[in-house]
Amino acid sequence: MSRIAYVNGRYVPFAQACVHIEDRGYQLGDGVYEVCEIRDGAFVDERRHLERLARSLAALRISEPMPFASLRHVLRETARRNRVTDGLLYLQITRGVARRDHGFPDKPVKPSLVVTVRALDRKKIEASAMAGISVISVPDDRWGRVDIKTIGLLPNVLARQAAKDAGAKDAWLVDEDGFVTEGASSNAWLVTKEGVLLTRPSSNRILTGITMTVIKEVAASLQIRVEERAFTVAEAKAAAEAFLSSATQTVMPVVAIDGSPVGSGKPGPVTMRLREAFHRRAEIGLRII
Ligand code: PMP
């Protein structure tokens, strides 16, 4: 079955899914995106993802390409047409097509909307979680507004590639004071020897993950204390457990940082409890297919 994308008003096979060369997303990275998990035929935390999308659009003064009720219909229809029950939904909105110029177009243009879905191999992700993953630390050289979920991801791309080149799965980004900001496409967490969860508080230096927000609720329901403060790489290496969070990986154990094992060098018990409890706390939508 060929994959179907939604592109500016039409559902089209991937081979025909094109945007204009003067789309400002293509030329200037002038756009925002969201990634939402699809599990057992339903969207996970769709409401929160759409709320964050609205905040990202507002921050960049990009208008909504359609009312959010219609957008939700498009998301459903794209998932349905691709028959994806376990995977991810990708949604991208750019400022639209205009003659190349850095400033916003004088006459407002219609924002471009692209939606795709992709199946994910849940067994493979589960196997990864059972083994845990390794990360490397790299300098965080991104811009100052990474709280906005923009498609301008070059530093994140280079960080992930540096991890791959080093034989690791992911990269944790480190600010100029030596504190971890977040992962290349995830939030970073520790479990201290005292059993306290540590993660960096929301600010313009991290993207506040939807998964992160839900994990805080999960932790509260499990009576696990959460402390929101930045931690260093040395602290991470000396922690009892470490993990990262994102919509597609939920809670993913990190068992090595820069080649040093974290804790026992195996996924930790607190991490696995959070992973196991996550979907009981997340908002699971109605089944699409
Ligand atoms: N930080 C960054 C830089 C990300 O790209 C992501 C994933 N989109 C996250 C954090 C985690 O966000 P979420 O839990 O909403 O997927």
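**Figure 1. The second largest cavity has a lining of four nonpolar, three polar and two charged residues.** This is a predicted model, and here we zoom in on a space of about 50 Å³. Around the second largest cavity sit Glu37, Val44, Asp45, His49, Ile210, Thr211, Ala247, Thr250 and Phe278. Both domain 1 (4-120) and domain 2 (125-281) chip in, each with at least three residues of that lining.

**Figure 2. The largest cavity holds about 60 Å³ of space.** The count of cavities of 30 Å³ or more comes to three. Lining the largest cavity you'll find Glu34, Val35, Cys36, Phe43, Glu46, His49, Leu50, Leu75, Leu89 and Leu91. By class, that makes seven nonpolar residues, one polar and two charged. At least two lining residues come from each of strand 3 (31-39), helix 2 (46-60) and strand 5 (87-94).

**Figure 3. A look at two cysteines, Cys18 and Cys36.** Which of the two is buried and which is exposed? Cys36 is buried, because its relative accessibility is just 3%, under the 20% cut-off. Cys18 is exposed, because its relative accessible area is 56%, over the 50% mark. Don't go hunting for disulfides in this model: the count is zero.

**Figure 4. His279 and Glu37 meet through their side chains.** The polar contact between these two side chains comes in at 2.8 Å. His279 belongs to helix 8 (residues 269-281). With a relative accessibility of 17%, His279 counts as buried, because the cut-off is under 20%.

**Figure 5. The second largest pocket offers about 240 Å³.** Its lining has 16 residues, and the closest to the pocket centre are Glu37, Arg39, Arg122, Glu126 and His279. Sorted by class, the lining of this pocket has three nonpolar, five polar and eight charged residues. Strand 3, helix 4 and helix 8 each hand over at least two of them. Domain 1 (4-120) and domain 2 (125-281) each give at least three residues to the lining of the second largest pocket.

**Figure 6. The largest pocket takes up about 1300 Å³.** Among its 43 lining residues, Arg160, Ser185, Ser246, Thr248 and Gln249 are the closest to the centre. Where does the largest pocket lie? It lies between domain 1 (4-120) and domain 2 (125-281), because both give residues to its lining. Helix 5 gives the most, with four residues. Other contributors of at least two residues each include helix 4 (122-131), helix 6 (210-221) and strand 13 (241-246). By class, the lining of the largest pocket comes to 19 nonpolar, 15 polar and nine charged residues.

Conventions: Residues numbered from 1 in each chain as written. Predicted model: local features only at pLDDT ≥ 70, side-chain atom pairs only at ≥ 80, totals over all residues. Heavy atoms only, no water. Disulfide = S-S within 2.5 Å. Buried < 20%, exposed > 50% of the residue type's maximum accessible area, 1.4 Å probe, protein only. 1 Å grid on protein atoms, 1.4 Å probe; cavity = no way out; pocket = protein on both sides within 12 Å on 5 of 7 lines; lining within 4 Å. Points joined across faces, edges and corners; volume = space filled by probe spheres on them. Nonpolar A, V, L, I, M, F, W, Y, C, P; charged D, E, K, R; others polar. Domains from an automatic or database assignment. Polar contact = N/O pair within 3.5 Å; in protein donor to acceptor, adjacent residues only side chain to side chain.
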